[in-house]
Amino acid sequence: MTVAGPPAAIILAGGRASRLGGADKAQIEIGGMPLIDSVCAAVAGSAPIVIAGPDALGGPGIRTVREQPPFGGPVAGLAAALQLVAGAERVWLLACDLPRAAGIVRQVERAGFPEEVDAVILQDADGRDQPLAGLYRVSALRRALAALGEPTNASLRRLVAPLTIMRVRDAEGASS
């Protein structure tokens with residue numbers, strides 16, 4: 001199956017960062033660059049790029065959207081952002097705090113996107129799925145959201161559980 005056009009990208013950055021004492025994890029600098037900038041750079045060829053989080057994280061060519069209510073969790077952020085990727089067949093779904101996002105994108109792209117799957121995600125060195133490090137069919141995410149019902153505070157793992165997922169072992173340590 002030939003997929004038309006570049007994928008869209010959704011970066012989830014709407015959390016409270018309670019484990020960081022409320023610090024804005026998207027703005028934490030690693031190697032002199034805010035994490036959010038590293039993630040955006042990794043998906044620079046995507047159209048559109050949507051950040052589900054505060055307006056302050058937006059920039060040229062990057063749209064922002066907030067889940068309602070704010071801090072409603074990653075599924076609520078995904079649901080809000082999906083409304084802005086009309087026309088895209090595939091979408092990167094990435095967390096905002098991935099310092100090696102380019103390695104994630106590279107490994108997933110190298111694996112390909114078979115017609116029979118709904119998503120290609122990275123699996124860390126311990127064999128744990130990383131659902132916020134992958135490429136998804138937009139139609140599959142929309143179906144899963146419709147079946148799930150209310151997205152506020154819903155489990156992301158529960159959302160993606162019914163999808164047909166191809167897992168790519170993280171050979172570069174990009175997910176850690």
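# Exercises on a predicted chain

The secondary structure of the chain comes to 5 helices and 9 strands. The model is predicted.

## Exercise 1: Overall layout

Task: Describe the order of the elements, the share of buried residues and the confidence of the model.

Solution.

Step 1. Read the elements from the N terminus: they run β-β-β-α-β-β-α-β-α-β-β-α-α-β.

Step 2. Turn to burial. The chain has 176 residues, of which 48% are buried. Its exposed area is about 8,300 Å², with 52% supplied by carbon and sulfur atoms.

Step 3. Look at contacts between residues at least 6 apart in sequence. Of these, 68% join residues at least 24 apart.

Step 4. Check the confidence. The mean pLDDT of the chain is 89, and 88% of the residues reach 70 or more. Among the elements, β9 has the highest mean pLDDT, at 98, and strand β2 (residues 29-30) the lowest, at 60. Where pLDDT is low, the predicted coordinates should not be read in detail.

## Exercise 2: Two helices and their cover

Task: For helices α2 and α3, find which residues are buried and which elements pack against them.

Solution.

Step 1. Start with helix α2, residues 74-82. Because 8 of its 9 residues are buried, α2 is largely enclosed by the rest of the structure. The buried ones are V75, A76, G77, L78, A79, A80, A81 and L82.

Step 2. Find the partners of α2. Its buried residues pack against the strands β1 (8-12), β4 (49-52), β5 (62-65) and β6, and against the helices α4 (138-148) and α5 (156-160).

Step 3. Move to α3. Here A101, G103, I104, V105, Q107 and V108 are buried. Their cover includes helix α1 (35-42) and the strands β6 (90-95), β7, β8 (129-137) and β9.

Step 4. Look just past the end of α3. There, G112 takes a positive phi of about 85°.

## Exercise 3: Salt bridges

Task: Count the salt bridges, then examine three pairs for distance and exposure.

Solution.

Step 1. Recall the principle. Side chains of opposite charge can pair when their charged atoms come close. Across the whole structure, 7 salt bridges are found.

Step 2. Take R66 and E67. Their closest N and O atoms are 3.9 Å apart, and the cut-off for a salt bridge is 4 Å. R66 is partly exposed at 22% relative accessibility, whereas E67 is buried at 2%.

Step 3. Take E172 and R106, whose closest N and O atoms are 2.7 Å apart. E172 lies in the segment after β9 (165-169) and R106 in helix α3 (residues 101-111), so this pair ties together parts that are 66 residues apart in sequence. E172 counts as partly exposed at 35% relative accessibility, and R106 counts as partly exposed at 39%. A network of salt bridges links R106, R110 and E172.

Step 4. Take D126 and R128. The closest N and O atoms of this salt bridge are 3.4 Å apart. D126 is exposed, with 61% relative accessibility, while R128 is partly exposed, with 47%.

## Exercise 4: The surroundings of Q123

Task: Locate Q123, decide whether it is buried or exposed, and list what it touches.

Solution.

Step 1. Place the residue: Q123 is in strand β7, residues 119-123.

Step 2. Judge its exposure. Q123 counts as buried because its relative accessibility is 16%, and buried means under 20%.

Step 3. Find its polar partner. A polar atom of the Q123 side chain lies 3.4 Å from the backbone oxygen of G127.

Step 4. Set aside neighbours within four places in sequence. Q123 is then in contact with R128, D129, R167, V168, R169 and D170. Of these, R128 is the salt-bridge partner of D126 seen in Exercise 3.

## Exercise 5: Cysteines

Task: How many disulfides does the structure hold, and how far apart are the sulfurs of C40 and C96?

Solution.

Step 1. Recall the bond in question. A disulfide is a covalent bond between the sulfur atoms of two cysteines.

Step 2. Search the whole structure: 0 disulfides are found. C40 is in none, and the nearest cysteine sulfur to its own is that of C96, 9.7 Å away.

Step 3. Compare this with the cut-off. A disulfide needs sulfur atoms within 2.5 Å. At 9.7 Å from the closest cysteine sulfur, in C40, the sulfur of C96 is too far for a bond.

Step 4. Check burial. C40 is buried at 10% relative accessibility, and C96 is buried with a relative accessible area of 2%.

Conventions. Residues are numbered from 1 along each chain as its sequence is written. This is a predicted model: local features need pLDDT of at least 70, side-chain atom pairs count only at pLDDT 80 or more; totals for chains, interfaces and linings use all residues. Side-chain values use heavy atoms; hydrogens and water are left out. Helices (H or I, at least four residues) and strands (E, at least two) are DSSP runs, numbered from the N terminus. Buried means under 20% relative accessible area, exposed over 50%, partly exposed in between (1.4 Å probe, protein chains only). A polar contact is a pair of N or O atoms within 3.5 Å; within protein, one must be able to donate a hydrogen and the other to accept it, and residues adjacent in sequence count only if both atoms are side-chain atoms. Contact means heavy atoms within 4.5 Å. A salt bridge is a side-chain nitrogen of Lys or Arg within 4 Å of a carboxyl oxygen of Asp or Glu. Accessible areas come from the Shrake-Rupley method with a 1.4 Å probe; for residues, only the protein chains shown count as cover. pLDDT is the predictor's confidence in each residue, from 0 to 100.
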